[in-house]
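Here is a short tour of the structure, written to be read with the sequence and the model side by side. Let's begin with a single residue and work outwards from there.

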Amino acid sequence: MAQIYDFIYNLFPYLGAWLHGLLQGLGLPEWAITLIIGLIQAFLLANFGLIGFAVLTYVERKIIARFQDRLGPNLAGPYGVLQPVADGIKLLTKEDTMPAGADRWVYNLAPLIIAVCAMAPLVVIPFGPGVIGVDLNIGVLYALAVGAGALVGVLMAGWGSNNKYALLGAFRAVAQLISYEIPSVLSVAVVVMVAGTMSTVGIVQAQDVPFLFVLPLAALVFLMSGVAEVGRTPFDLLEAESEIVAGFHIEYSGMKFALVFLGEFVHALVVSALFAVLFLGGWRGPWLPPYLWTLIKTGLGIFLFFWLRATLPRIRIDQMLNLNWKFLTPLMILNLIGVALVDKGLRAAGASEGLWAAGMFAFNMAMLIGALALPGYLGRRARMAAMAPAAEGAEELAAAEAAAAH
Amino acid sequence: MLSAYAMVGLFLLMSIVLLGATLILWWLLRPKKPNPLKLETYECGVQTVGDAWVQFRAQYYIFALIFVLFDVEAVFLFPWAVAYRQLGLYAVIEMALFLFLLLGGLLYAWRKGALEWV
């Protein structure tokens, strides 16, 4: 029993060791074994992204349907679980329509770039101790940098389509994605500072207390900017159906459309996985095997994304930019400095690990509450100021009416 | 270290191959009956007037410029953040000064109205 549990717990290391032994038994040289195992790892990881995409399209439709008191897809297979397969077959048999005025190469390459850039960060997501594509020493930076590469694809799609809606969508996308890159990078910098390493494995190992409880403000900002970077509601104005029809991917059909969507869903998957790694303690947890913990924590993030989509309306572009440049960016810069100083202070005072975490939590929460109260206060003052002349006008009107009645 | 990046390359190659395979499968399966009407640029049912490749708002440039500023800052920030444990209070205060300079720049852009979406 204990043996079976141990086998399930360490499934991937055992499989790797078994495969290594098998290949050695075949008398292959070491470099060939490394190459074959690397290929298998890459294949499994890529399929994690592809299958994750298929599952997520189904799960999202089901969950959103439940939020809206509907059933969702329920015809293809039991409970509609074969819906992604049906969608896939449909998209595979759709005609390719490329607008006559499009820039051929740019237009056709864009979906592939979006999809590959969204998949690329998967290679540094750890699923357990030793279960990772590759433990780069700049893992987090790599994930952020390559993930942002999808932006190039989005701009190519919008520009190459030679469609006005697509161009508008691409401009909005670029303005939004580059803007929210900044708070996201700053919140990751806070985590890197506290963990002392950029390796994703190192960051997970540093989390004896999950960073969600040490750095709640950074966690919140990372999640918000993550939603914005993925371009999901309430930040989905880059593909607002009611204004610019579908934004940058309006002219795509069939598999190219599927690749654009794959990019979006896999990006959401990657952002939640990064959130799990950076703030929820990655694979660490009791009883269950590490890879299950990673999946559960990633699923939590994804569910939050769906929940937001079901709850919040879309915001305007000026609101979106104001939120980022006038609120999140200054807030995160101040938070970074504050966390650095408080951390140095607590360490210098010789605080124990628990006391240190509590101190950091208290500082972050104080900053969070202050930061939330300030715009609320300013907004109320602005609204009062806007209402005051109107109130005066109403009094004058009433006075004039009274005078007329006499 | 080089083998680590070889793994990254292998993974990128694998995703390109898998995604490219779906595109090729699609190319084999899809119907090919183009006609001029189908290939028109989509614009809610009306004929498109002119190109989409026109001049656009300068505001996008301004946001891109501020972004570049902060992105370069991130390049300085990450090595500092990794070494932060070994650094003394002096280095922390230095970084704080640097960040305050940036914040000052942001405030300047704000006061100048560069952050307004007019």
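## A buried valine

V191(A) has 25 C-beta neighbours inside 10 Å, and because 20 or more are needed to be buried, it counts as buried. This is a predicted model, so please read every value here in that light. V191(A) sits in helix 8 of chain A. Which residues does V191(A) touch, once its neighbours within four places in sequence are left aside? They are I203(A), F211(A), L215(A), A218(A) and L278(A). For one of these partners, F211(A), the C-alpha atom is 7.6 Å from that of V191(A), with the two positions 20 residues apart along the chain.

## The nonpolar core

V191(A) is also among the residues with the most contacts inside the largest nonpolar core, together with A170(A), A189(A), V192(A) and L215(A). That core has 141 residues. Helix 8 of chain A gives the most to it, 23 residues.

A189(A) brings the second chain into view. Apart from neighbours within four places in sequence, A189(A) is in contact with L336(A) in its own chain and with L77(B), F78(B) and A81(B).

## Where chain A meets chain B

How many residues does each chain bring to the contact? Chain A supplies 62 residues and chain B supplies 52. On the chain A side, helix 3, helix 5 (104–119), helix 8 (164–195), helix 13 and helix 15 (317–348) each contribute at least two residues. Helix 15 of chain A has the largest share, with 13 residues.

By residue type, the side of chain A that touches chain B divides into 42 nonpolar, twelve polar and eight charged residues.

## Chain A as a whole

Stepping back, the secondary structure of chain A consists of 16 helices and zero strands. Its C-alpha trace spans about 110 × 70 × 40 Å along the principal axes. Of its 406 residues, 46% count as buried. Among contacts in chain A with a separation of 6 or more, 77% join residues that are 24 or more positions apart.

## Two helices that cross

Helix 3 (residues 30–67) and helix 13 (residues 254–279) of chain A pack with their axes 9 Å apart, at an angle of about 100°. That angle makes helix 3 of chain A roughly perpendicular to helix 13 of chain A. Helix 3 of chain A meets its partner through G49(A), G52(A), F53(A), L56(A) and T57(A), while helix 13 of chain A offers L262(A), F265(A), V266(A) and L269(A). The residues of this contact divide into six nonpolar, three polar and no charged.

The spacing of such contact residues has a simple background: an α-helix has 3.6 residues a turn, so residues three or four places apart point the same way.

## Helix 2 and some positive phi angles

Helix 2 (residues 11–25) of chain A makes a handy check on geometry. At 1.5 Å a residue, its 15 residues should span 21 Å, and the end C-alpha atoms are 21 Å apart, which agrees. Just after helix 2 of chain A, G27(A) takes a positive phi of about 80°.

Two residues other than glycine are worth a look as well. D69(A) has a positive phi near 60°, and Y79(A) has one of about 55°. D69(A) lies in the loop between helix 3 and helix 4 (83–92) of chain A, and Y79(A) lies in the loop between helix 3 and helix 4 of chain A too. Are they exposed or partly exposed? D69(A), with 6 C-beta neighbours inside 10 Å, counts as exposed, whereas Y79(A), with 14, counts as partly exposed.

Terms used. Residues are numbered from 1 along each chain as its sequence is written. Chains are lettered from A and ligands numbered from 1 in the order in which they are written. This is a predicted model: local features need pLDDT of at least 70, side-chain atom pairs count only at pLDDT 80 or more; totals for chains, interfaces and linings use all residues. Axes are lines fitted to C-alpha atoms, for helices over the stretch in contact, and angles run from 0 to 180 degrees between N-to-C directions. Helices (H or I, at least four residues) and strands (E, at least two) are DSSP runs, numbered from the N terminus. Angles under 35 degrees count as roughly parallel, over 145 as roughly antiparallel, 65 to 115 as roughly perpendicular and the rest as oblique. Two residues are in contact if their C-beta atoms, placed from the backbone, lie within 7 Å. Ala, Val, Leu, Ile, Met, Phe, Trp, Tyr, Cys and Pro count as nonpolar, Asp, Glu, Lys and Arg as charged, and the others, Gly among them, as polar. The expected span of a helix is 1.5 Å times one less than its number of residues. A nonpolar core is a set of buried Ala, Val, Leu, Ile, Met, Phe, Trp, Tyr and Cys residues joined through C-beta atoms within 7 Å. A residue is buried if 20 or more other C-beta atoms lie within 10 Å of its own, exposed if 12 or fewer, and partly exposed in between; C-beta atoms are placed from the backbone.
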